[in-house]
Amino acid sequence: MLNYIYKMVSCAETMINHKMEKKTISLSIFSLFILFLPLEYLTVVVEAQETPILVKIGVVVDMDIYVGQMGLNCISMALSDFYASHDYYKTRLVLHTRDSDRDVVAAAAAALDLIKNVEVQAIIGPLSSAQANFMINLGEKSQVPIITFSATSPSLSSIRSPYFIRAALDDSSQVGSIAAIIRAFGWREVVPIYVDNEFGEGIIPFLTDALEKVNARVPYRSVVPPLATDDQIVAELYKLMTMQTRVFVVHMLTHLGARLFAKAEKLGMMSGDYAWIITDGMTYELDSIELSVMNSMTGVIGVQPFIPKTEEFDNFKTRYRKKIQRNDLNMFGLWAYDSAISLALAVEKARVGVNSTFLRTNISRNSTDLETFGISSSGKELIQALSNTSFRGISGDFKLVDGQLQSPPYEIVNIVGPGARVVGYWTKENGIVRDLNFTNANTSNYSTSKSNIGSIIWPGDKTSPPKGWVVPTNGKILKIGVPVKDGFSEFVHVTWNPNNIPEAGGYCIDVFDTVVEALPYGVPYEYVPFATSDHKTAGSYDELAYQVYLGNFDVAVGDVTIVANRSQYVDFTLPYTESGVSMVVPIKDDKSKNAWAFLKPLTWQLWLTSFCSFVFVGFLIWVLEHRINEDFRGPFWHQVGMVFWFGFSTMVFAHKERVISNLARFVLIIWFLVVLILTQSYTASLTSMLTVQQLQPTVTDVAELIKNNEYIGYQMGSFVFGLLKNMNFDENRLLAFNSTEELDELFSKGSRNGGIAAAFDEIPYMKLFLAKYCSKYTMVGPTYKTDGFGFVFPIGSPLVPDVSRGILNVTESKKMIDIEKKWFGDRTKCPDSSTLFSSNSIGLESFWGLFLIVGIAAASALIIYAIKFLRENWHVVERSGHELTIWTKMNDLLQRFKNRDLSSHTFKNMENRDRESVCGGDCMKRAAESSNEHDFQFSPSTFSVASPFTNGPPSPDFSSPDARNVDFEAIQQEIELVNPNQNEHLPSTC
């Protein structure tokens, strides 16, 4: 609106001054316009035509280098663009430039001149961090803000001075991206190469801390002087070539870095073994590096802040190219542009210049120039306005926190030929990502996966990343102390060749060699025996560990156990063997075959369960069979005997009784299966007990050894000696051994003849001993906890974490199995002696499932039988009468349960056969004749022939009426009525 008014006023003035015939009409129109214009707009029009307030701003840059020229051009273009779109602002920045001439003193002198003589309200510059250090102090004393767009050293913190504004990124903001790259490719050592000044040194503490967080070491720092000659650069590169590390982070200005890479290519350091990473200080200015140097930098990785590709950025880049006739605009130029815009906004907001003056202090006559300048009256307001200024600049979002520009995402670029291409991004929230996705930036996890980085061309045109280390030509060789011992040479041994050169070998040596080979960097080392001049051991294992503490050895490798007292002065890696101390004793054959050996195959629980099951099955079969099967009937004790006889006869399948009931047959089918399995298992177990050698340990309890005052063996020089004394063993009863053969000899003598009754040692030794003598000894008793074998390092050694991780990788791989087979042989050939004297008795837990099945089948059959019996005799339960009590009915049911079930098909078939055998096939005819002769009327349904189980003769014929009573009684003895209840229907006169 104000621009529109300003144009209207200008148009009106033109109309007034224009000599036309219609001059009166023009003036009238202008008068009407003024008449109807609101009062506040009239005020603005008047102020708009007033002269803007000019605010003096100093600019201190190196005029003879491109960055200084570019910065000054971008500042000028920024103010021109800003006031073209903000011409209504009351303030205008007026630049007063000074050349710092690449010199710290010149930069300080220029700043002093601007503050004292020109009385500028703010200073933009300087370029370098070294120049800024003194200038910041001048600004703080005069309260003049110092705004830099290229001094990036972290040491120039705004916390030190409230009048320092860094409109650029702190160098420490990029160390996170560099550390993420190091971790992604698994490099463990990095050498920083930096310039020896404020700019180079400022990043090193932050870079070291970031690398430490990703478990990367800095074994060496390469420092190059700012004015280094070619010879100095070559000498430093030669020094780096002799080291094992091949990963370098270069942090220096472009002109020095370009010389470094040119010399590195000539020395062959741009090959496939090397990895080079440059910081944003060089990545910004890749366009300004000569083409020949860029070609030599192929494969270098760089990091730089991400610049959003906006329309404003593209337009400015195009205008800059047209104006300057160069195409190398970089990040410093963009920051210079945004810093000028931020200062213009802050000056207008703080209304600097209206009453801005420099207040003079009381100055003595002998004061220096550094004490004669005044203090800006508007400095506090201006620095406050600058701190609160935020806008969308061409370099991205411009926002200051604690006087510093906030870090955006970083691009990871790969230099290929004359240019660089983006291969990934890094953000604080997400780590390394393939593409920027701001909508999901806070939802994913932090990543350092190299899969999120695109394909990279490495030095030497390699597509695979370098491993980051080589065997150094003159690096320090670690001295590895190795114990010298006579026995247990499978673990570690030292021999001397004819040239008196020691050679170490054994299980522990092979494990260490394999672990070192698996490290992500090379470690040169040599084995040094811990021995005297005559090749004897120089001391115990405690003394060997103490030599590492004294620095005589860098590492100790061998069968050194991790114990608490040693860890007080050395560090141990993770263990690579089994842990614990155990006891070994002789074993003897248990030849006491007693008369009750046949009971041992089964436990007493299984014996008891089997006995009850046989009795129960016999009883169940009697219940199901005795009403329909004459084999299960008879006197009481006969039936009791039948229950036991039938049940136990199934053990050998010797029963003769015929089973009629289908329910009984169902139960027996399942029971026979159980009996078969049980008997076969018993037979196999008994056979094993009577034929296989039964081995038992001679001693199983430590307390028994102490009580009997037995002699105990331990390995010479081992910490086990102290352990045994703590267990209250008599020191005089402890005998040392040096080898497995010597230990076997001590056992053979026995405790009463100068030998031992038991030996204590660590599990790896004991397993090796048992592998040789598995038929004579066994490991018994509790295992006393220790941490196994480990490698010894000085406290704080950076190799400990890497070697420990290497141990884990080796122990989990097939290599460990191969090493064990090489030195210990195939242990599977010798069975575990603990199984030789374990109990062979079969318990109930092995058969409870079978007994459960039998129980379910038996219960089902019993329930079905009870339901069927009650249904057939339900009329007994339903009978009513005052004399019929519950007990009476139960007694009646019990009587019926005891009697035969004559309705069964077994009795019906038997009745027909017996009738034919008694009457000669004509029973009905004979009965009719007898009835006619004696006037008796018998119904065939009222009687049946005698049971075949009665021994009486066949029924005789009736010959005369006089003999009726006697003859009928004789017949009655031979005939069994079909229904016993029908006896009441017989004539009483008979």
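Me: Which residues are linked with Asp802 in a network of salt bridges?
Reply: The network joins Arg188, Asp802 and Arg805. A salt bridge here is a side-chain nitrogen of Lys or Arg within 4 Å of a carboxyl oxygen of Asp or Glu. The structure is a predicted model, in which local features need pLDDT of at least 70 and side-chain atom pairs count only at pLDDT 80 or more, while totals for chains, interfaces and linings use all residues. Residues are numbered from 1 along each chain as its sequence is written, and side-chain values use heavy atoms, leaving out hydrogens and water.

Me: How many salt bridges are there in the whole structure?
Reply: A search of the whole structure finds 20.

Me: What about aspartate 559, which side chain does it meet?
Reply: Aspartate 559 forms a salt bridge with lysine 485, at 2.5 Å from N to O. The two are 74 residues apart: aspartate 559 lies in the loop between β23 (555-556) and β24 (571-572), and lysine 485 in the loop between β19 (478-483) and β20 (493-496). Helices (H or I, at least four residues) and strands (E, at least two) are DSSP runs, numbered from the N terminus.

Me: Is aspartate 559 buried or exposed?
Reply: Both aspartate 559 and lysine 485 are buried. Buried means under 20% relative accessible area, exposed over 50%, and partly exposed in between (1.4 Å probe, protein chains only).

Me: And what is the partner of aspartate 542?
Reply: Its partner is arginine 566, with the closest N and O atoms 2.5 Å apart. Aspartate 542 belongs to helix α17 (residues 541-550) and arginine 566 to the loop between β23 and β24, so the salt bridge ties together parts 24 residues apart in sequence. Arginine 566 is buried because its relative accessible area is 2%, whereas aspartate 542, at 31%, counts as partly exposed.

Me: Where do glutamate 745 and lysine 749 lie?
Reply: Both are in helix α23 (residues 740-749), four residues apart, or about one turn of the helix. Their side chains meet in a salt bridge of 4.0 Å, N to O. Glutamate 745 is partly exposed at 45% relative accessibility, as is lysine 749 at 39%.

Me: Changing topic: in what order do the eight strands of the open sheet stand?
Reply: The order is β7-β6-β8-β9-β10-β16-β17-β18, with mixed pairing. Two strands pair if DSSP finds at least two bridges between them.

Me: Why is one side of β7 left without a neighbour in the sheet?
Reply: β7 (222-224) and β18 (431-433) stand at the edges, each with a single partner strand, so each has one side without a neighbour.

Me: In what sense do β17 and β18 pair?
Reply: β17 (residues 419-427) pairs with β18 in the antiparallel sense over three bridges. Tryptophan 426 has isoleucine 432, in β18, as its bridge partner.
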